[in-house]
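User: Could you take a close look at one part of this model for me, and then show how its surroundings fit in? I'd enjoy a connected walk-through.

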Amino acid sequence: MSTDLSALNNRPVIIGGGAAGLMTALQLAPEPVLLLSKAPLGAEASSLWAQGGLAAAMGDDDAPALHFADTLAAGADLCDAAVARRIVDAAPAAVEHLARLGVAFDRRPDGGWRLGLEAAHGRNRIVHATGDGTGREIMRALIAAVRRCPSITLLEGVEARSLIVEDNAIKGVLAANADGPLVIDSGRVVLATGGIGGLFLDSTNPAGCFGQGLALAARAGAKLSDLEFIQFHPTAFDGPSRPMPLVTEAVRGDGATLIDETGLRFMADQPGAELAPRDIVARAVWHRRAEGHRVFLDARTHPGAEFAKRYPVISAFCKMAGIDPATDPIPVRPAVHYHMGGIAVDIAGRSTVDGLWACGEVSRTGLHGANRLASNSLMEAIVCASWVAESVKGASRGPLKARATLAPLPASDASAVRPILSQGLGVLRDRHGIERTIRGLYPLASGTSAAADPALVGLMIAVAALRREESRGGHFRTDFPDARPSAVPSSLTLADALTAARELVETPSLSVGSAQP
C-alpha cells in the first residue's frame with residue numbers, strides 16, 4: 001500500500017467506518033488519528049441503513065427527563081440509570097452538532113424540527129432526514145467531513161485481525177489488506193465495528209457485520225456484557241433480499257397497523273398496540289407466523305397516499321417487489337436488528353483492557369438495557385464518540401515493547417455459523433435449542449478456520465443466553481417465561497465461555513450452569 005505505516009505508529013487507531021468510528025475520528029481532531037475500514041466508507045456500515053433517525057428531546061412538549069423515563073421503561077430494568085441520564089441529556093446538543101456538520105435534517109416550514117413518533121416513546125422526538133433516509137444522510141455528511149479533515153488518515157480495505165496485548169495493555173493492531181499482513185504500533189485503539197446481524201440468516205444488518213469487534217476484544221481479554229440481548233425488529237420486509245430491507249417503526253408511528261392475511265389486526269388489544277416495545281411486537285408477529293399466518297403492515301389508510309412522499313426508500317424497494325404501500329399491505333417478519341450487549345465499557349468508552357475503548361453498537365454502555373428504545377442507537381454513537389475521543393486524548397501513552405511475530409487469522413466467513421445461530425437463538429429460545437447451538441459452534445470456535453471468530457462470538461452469546469434463566473426484553477426463554485424479581489447485567493470473558501462450552505460438550509449430562517447472571 002502507498003501509505004508508509006511506520007510514519008503512522010503511536011497514533012490512536014479507530015477500527016470501523018460507521019457513524020461511531022467516523023464521529024470519534026472527527027472529535028479527536030486535530031490530533032492525528034488512523035481510521036481503518038475493511039470496506040469503502042459506508043459500504044458495510046449499519047448506520048447507512050438506519051431509517052428512523054435519532055431520538056432527542058427537541059420538541060417544545062418534550063424534555064430529556066421524559067426521554068430518560070421512556071428509555072428506562074423500554075430497557076426492562078436493566079439500564080444503567082446514571083449512564084442513560086447523561087447520554088439522553090446530551091442528545092439535543094449532538095443533533096445540533098450534526099446539523100453544523102452539514103446533516104440536512106427534515107424541518108417544518110417554520111424552520112422547526114420535523115419530529116417523528118416511534119414505539120415506546122411518549123413524545124414525537126425522532127429527528128430524521130429525507131424521510132426514511134436518516135442514516136444515509138448522516139453518513140454522507142460524516143464521510144465528507146472525514147475526507148476533509150487533515151488529521152485523519154483513512155485506510156480503506158484494511159481489516160483488523162487481532163489486537164497485540166501485553167500485560168493487559170494494548171500495544172498494536174495486526175491487520176491485513178489485499179497485499180498481506182500489516183502491523184500498526186499503537187497503545188490506543190477504539191473499536192467501532194458495529195453489530196452482529198451478519199451472524200444470522202435473517203437480519204437488517206450488512207452481512208459483514210458479524211461481531212468482529214467483539215471477537216477482537218474477547219481475544220484481547222476484555223470483559224463483555226449482556227450478550228444474550230438481541231433486538232429483533234418486528235417489521236423487516238419479508239422477501240429474498242439480504243440484508244432485509246427495514247420498514248421503519250415511524251410508519252407505525254404514522255398510524256399503520258399490523259394485520260394477517262385475513263385482515264385481522266392481531267395487536268389491537270395489546271397495551272400500546274403496534275407501538276408497544278419492539279420485543280413485544282416482534283414476539284406477537286413471530287407467534288402469528290408460527291400459527292401459519294402471514295403478517296403485513298397495513299399503511300393503506302395511514303399514511304395512505306402520502307406514503308411515497310414520506311418514505312421514499314421503503315416505497316422504492318416495495319415498488320421493486322411489485323407492491324404499492326398506498327394500495328397494498330406490506331409483507332413483514334422479524335429480523336435481527338440490534339445488539340444491546342457488547343464490550344463492557346464505562347461512560348468514557350474504556351474497556352477492561354488498558355488502551356482499548358469501544359463506541360457504538362459494539363459497546364455495552366448500559367443505555368439500552370434489555371431492549372433498546374427506538375432510535376437511541378445512532379444517538380448513543382454520536383453522543384458517546386465525543387466522550388471516547390476526550391478519554392483517548394487524555395490517556396497516557398506507555399512504551400510500545402518489542403513483540404513476537406504474530407500470524408493473522410484468515411479473513412472471517414460467517415456462512416457456516418448463520419444457520420446454527422438462527423435456529424437456536426431466535427425470537428424465542430429454550431435450553432435444548434441453546435445447548436444444540438453451543439455444541440454446533442464449539443468446534444468451529446476452537447479452530448483456526450475462517451469461521452473461528454464468528455463462531456466464537458456466537459458461542460459467547462449462546463453461553464450468556466443459557467445462563468440467563470429468565471425472560472427479559474430481547475431475551476425470551478419459553479422454558480423460563482417470567483422475569484426474575486431483580487435485573488442483573490451478565491458478564492462474560494472468552495475464557496469463561498470456552499470453559500462453559502467445553503464442559504457442556506464433553507459432559508452431556510452436565511448443565512453449563514444456572515447461576516444468577
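Analyst: Happily! In this predicted model, strand β8 (residues 169-177) runs antiparallel to strand β9 (residues 180-185), and the two pair over six bridges. A hairpin of two residues makes the link from β8 to β9. To see the register, look at Leu 174, whose bridge partner in β9 is Val 183.

Follow the chain onward from there and you come to Arg 188, in the loop between β9 and β10 (189-191). Arg 188 makes a salt bridge with Glu 31, with 2.8 Å between the closest N and O atoms. Glu 31 sits in the loop between α1 (19-28) and β2 (33-37), so this pair ties together parts that are 157 residues apart in sequence. Is the pair buried or exposed? Buried means under 20% relative accessible area; Arg 188 has 3%, so it counts as buried, and Glu 31, at 16%, is buried too.

That bridge belongs to a count of 30 salt bridges. Another one joins Arg 300 to Asp 298, where the closest N and O atoms are 2.9 Å apart. Here the two partners fall into separate classes: Arg 300 is partly exposed at 37% relative accessibility, while Asp 298 is buried at 16%. Arg 472 and Glu 470 also meet through their side chains, at 3.0 Å from N to O, and both of these residues are buried. Beyond such pairs there is a network of salt bridges that links Asp 202, Asp 238, Arg 242, Arg 289, Arg 294 and Arg 333. As a general point, side chains of opposite charge can pair when their charged atoms come close.

Now for the nonpolar side of the picture. The largest nonpolar core has 67 residues, and Val 173 is one of those with the most contacts inside it, along with Ile 15, Leu 191 and Leu 199. Helix α13 (residues 452-467) gives this core its largest share, eleven residues. A second core lies apart from that one; it has 57 residues, including Ala 25, Ala 56, Ile 143 and Leu 367.

Leu 199 is a good place to finish. Setting aside neighbours within four places in sequence, Leu 199 is in contact with Cys 209 and Phe 210, with Ala 414, Val 417, Arg 418 and Leu 421, and with Pro 454, Val 457, Gly 458 and Ile 461. In soluble globular proteins, nonpolar side chains tend to be buried together.

Methods
Residues numbered from 1 in each chain as written. Predicted model: local features only at pLDDT ≥ 70, side-chain atom pairs only at ≥ 80, totals over all residues. Heavy atoms only, no water. Core = buried A, V, L, I, M, F, W, Y, C linked by side-chain atoms within 4.5 Å. Buried < 20%, exposed > 50% of the residue type's maximum accessible area, 1.4 Å probe, protein only. Helix = DSSP H or I, 4+ residues; strand = E, 2+ residues; numbered from the N terminus. Contact = heavy atoms within 4.5 Å. Pairing = 2+ DSSP bridges. Salt bridge = Lys/Arg side-chain N within 4 Å of Asp/Glu carboxyl O.
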